[in-house]
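Hi,

Here is the structure I promised to pass on to you. Have it open while you read, and my notes on what turned up follow right after it.

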Amino acid sequence: MRIQYSNDKKIFSLHTGGIPYLSFDMLDGLGVPNLYTTRFLSYDSETGTGEEGMRVAVMNNETVDEASPVVRAYRDKLAHQLGSTLDRECITDQKHTNYVHVAAAGDLGLREKPLHMQYVDGVVTDIPDVLLTVFGADCPSVYIADPVRKAIGLVHAGWKGTLGRIPEVAVANMVVRFGCDPADMYAAIGPGICRDCYEMGDEVYDAFAEQWSPEEAERIFSRYPAADADGNDIPGGKYHLDLREANLMTLLRAGIPADHIEISNVCTKCNADIFYSYRARRMENEQAAMMINRFGNI
Ligand SMILES: [Zn+2]
């Protein structure tokens, strides 16, 4: 799989034994099973070919009744590849909020997302062996793990969740509910759209300048040349947002040490032949980010 990386850092391992996926080496090193899927159902590294059509999420144009058995079967296979089952899965829907739910035993293994899970964009848990799943197709997922208190969190951080500092909300929940210390935590900002690909309107810059600070907005936005729909240059260009830098700033603000944070160098839009990407208009489905609350080799 010829993934274009935005730098030379070796952050991920590609697994092609079953359904292909990427895992973070840092989380693997903690013994935390984790993955990020692609568009592929299978991939042969020798021939460089694979079967596309991976479906992990029920999309807006699908009925749950039709899609759920299919997407559950794929997620079930992924869960097994990570050493788990869907009986242990806690699944979110996501509405671009910054709400984070503390997973309860009754949230596990449900066939459909209950109402309370449709309105959160992140989950944290200290229940052993729970499998957390969130979805995204440009919006990065942020993976959080505390090997001391043995707790994890997984959040969907599009620009609205990023504006609402959802990774910090997850960290705060882990501190308050599980007694975690951010100094012990590790975090990984998952694959998602890069700054070069992520043009935004001025109102998004204004929202960050107002809710964060003008100085912080200056750090995460850059002005790029841009053209209108007719191909004419827009004087002064348009803003682009760096979601990786923004979420890094939030994780540092939450107290996670810089050397405990890994930042994806994979852009879903730059690699739209491998990943579903909203901005690349490749939205047949989304990627799944999955993580198990398990520390130690399986
Ligand atoms: Zn890109």
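Asp138 counts as buried, because it has 27 C-beta neighbours inside 10 Å (buried means 20 or more other C-beta atoms within 10 Å of its own, exposed means 12 or fewer, partly exposed is in between, and C-beta atoms are placed from the backbone). You'll find Asp138 in the loop between β9 and β10, and its phi is near 125°, a positive value in a residue other than glycine.

Before you go on, two things about the model. It is a predicted one, where local features need pLDDT of at least 70, side-chain atom pairs count only at pLDDT 80 or more, and totals for chains, interfaces and linings use all residues. Residues are numbered from 1 along each chain as its sequence is written.

Now have a look at Asp129, which sits in the loop between β8 and β9 (131–136). Its phi is positive too, near 70°, and again the residue is not a glycine. Asp129 is partly exposed, with 15 other C-beta atoms within 10 Å.

On to the sheets. Helices (H or I, at least four residues) and strands (E, at least two) are DSSP runs, numbered from the N terminus, and two strands pair if DSSP finds at least two bridges between them. In general, strands of a sheet pair through backbone hydrogen bonds, either parallel or antiparallel.

One open sheet has six strands in the order β7-β8-β11-β10-β12-β16, with mixed pairing. β7 (100–102) and β16 (261–263) are at the edges with a single partner strand each, so one side of each has no neighbour in the sheet. From one strand to the next, the twist averages 10° (axes are lines fitted to C-alpha atoms, for helices over the stretch in contact, and angles run from 0 to 180 degrees between N-to-C directions). Inside this sheet, β8 (122–125) and β11 (151–156) pair antiparallel over four bridges, and Gly122 has Val155 as its bridge partner in β11. Helix α5 (166–178) lies across β7, β8, β10, β11 and β12, at about 155° to β11 (a contact means C-beta atoms, placed from the backbone, within 7 Å).

Another open sheet has three strands in the order β13-β15-β14, paired antiparallel. Here β13 (199–200) and β14 (221–224) are the edge strands, each with a single partner, so each has one side without a neighbour in the sheet. Two bridges join β13 to β15 (238–241), and Glu199 has His240 as its bridge partner in β15. Helix α6 (202–211) lies across β13, β14 and β15, at about 55° to β15.

Cheers

How values were computed: Two residues are in contact if their C-beta atoms, placed from the backbone, lie within 7 Å.
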